[in-house]
Amino acid sequence: MSDKNCSIIGVDHLEFYVGNAKQSAFFYSHCFGFKVVAYQGLETGNRKVTSYVMEQGDVRFVLSSTMDPTHPIAQSVLKHGDTIAVLALEVPDAAKAYDYAIAQGAIGTIPCTDYEDEHGILRFAAVSTFGDVSVKFVERKHYAGNFAPGFVARYPAHHPSVGLTRIDHVVGNVERGMMNHWVDFFMQTMGFELQMHFDDRAISTEYSALMSKVLRKGGKTIVNINEPADGRRKSQIEEYLDFHHGPGIQHIGLATEDIVATVVRLKEAGVEFLPIPKTYYDDLGDWVQELEIPVEQLAELGILVDRDEDGYLLQLFTKPVGDRPTLFFEIIERHGSRGFGAGNFKSLFVAIEREQSLRGNL
Ligand code: FE2
């Protein structure tokens, strides 16, 4: 396999299909500290789709809604509620990435196309992946505009960043028995490599179980695939699949270099996190005494800690951000560790199950 054919620079953006892009943009701006940098809609001549491009650090979200009930965005919203429909990867050569993926068995949804305006040429193509999610290959080296042709720059009222720096990882939930299929898909069509896996025994026996594999590409593009496993109770992954009506993106890990400041600002803005029992902090090893953050402060904010042979990480998880128990976010600060907080899975699952139970889904 020639790596040149499936070279990936990183995540270009995530596109959300939502019922009301204007209000979603307000939420991600006021609660999560993103700023709107570009826009398309009626005022720009697009009579079907409204999109807000939001940025913070190197994280870019595109929030899109439609005014046409027959548009694919309308069908997506009807079936899935608000969801992340497009995982856009920046590539050096979109045609090569697309042709390679197709040759390896991917199904194309957008053939390689050039979009041009006075700022240059943006080229992209897309293939379908699990559920109704598509992977878009974006080549922007000949484009100097702020997002894409058809969009205009926006300079709205400033909302201070909460300190999010980049997308750490993207996690998809697929049906039982389909994890390996989609892991193979990312490996074969885009050259991802398997970094680690968590089986149901490692993650959980008593608590709602899942299996997970972590894929890495070029050092910094990380995609995890989960599937439900048998447990005494309904897997959190099954709850997602039931309410999302099929596979989709479960959560996005967003990196910060100051998790305390980030979480304080998110909480002040009204973002809700999974509550962690105080007993979690009684059981932590002595090593946490050496962290720069006092354990009392971790406990007050509900920040989880984990370590492995490479270092440690700090993390916590929001509650689902919509009405359905589907998409949520993880805030993560890494200090060497390349793991995902495996040591926290049990405490985390207890917290998730408490919420599932409140929803009548356990
Ligand atoms: Fe995660």
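**Briefing: Glu333 and the iron site**

In this predicted model, the side chain of Glu333 forms a polar contact with the side chain of His335, at 2.6 Å. Glu333 belongs to strand E17, which covers residues 328-335. The points below describe the surroundings of Glu333 and then the iron ion, which has Glu330 among its ligands.

**Surroundings of Glu333**

- Glu333 is buried, yet it takes part in no salt bridge.
- Arg166 carries the nearest side chain of opposite charge and is 10 Å away from Glu333; a salt bridge would require a side-chain nitrogen of Lys or Arg within 4 Å of a carboxyl oxygen of Asp or Glu.
- The Glu333 side chain also reaches a backbone atom, the nitrogen of Ile259, at 2.7 Å.
- Leaving aside residues up to four places away in sequence, Glu333 touches Thr256, Glu257, Asp258 and Ile259, together with Tyr312, Leu313 and Leu314.

**The iron ion**

- Three residues coordinate the iron ion: His169 and His251, each through NE2, and Glu330 through OE, at 2.0 to 2.2 Å.
- Along the chain, the donors follow the spacing H-x81-H-x78-E.
- His169 lies in strand E10 (residues 164-173) and His251 in strand E14 (residues 248-256), so this pair ties together parts that are 82 residues apart in sequence.

**Burial of the histidine ligands**

- His169 has a relative accessible area of 1% and is therefore buried, the limit for that class being under 20%.
- His251 is buried as well, with a relative accessible area of 9%.

How values were computed
Residues are numbered from 1 along each chain as its sequence is written. This is a predicted model: local features need pLDDT of at least 70, side-chain atom pairs count only at pLDDT 80 or more; totals for chains, interfaces and linings use all residues. Side-chain values use heavy atoms; hydrogens and water are left out. Helices (H or I, at least four residues) and strands (E, at least two) are DSSP runs, numbered from the N terminus. Buried means under 20% relative accessible area, exposed over 50%, partly exposed in between (1.4 Å probe, protein chains only). Lys and Arg count as positive and Asp and Glu as negative; His and the chain ends are not counted. A polar contact is a pair of N or O atoms within 3.5 Å; within protein, one must be able to donate a hydrogen and the other to accept it, and residues adjacent in sequence count only if both atoms are side-chain atoms. Contact means heavy atoms within 4.5 Å. Donors are N, O and S atoms within 2.8 Å of the metal (3.2 Å for Na, K and Ca); water is not among the atoms, so sites may look incomplete.
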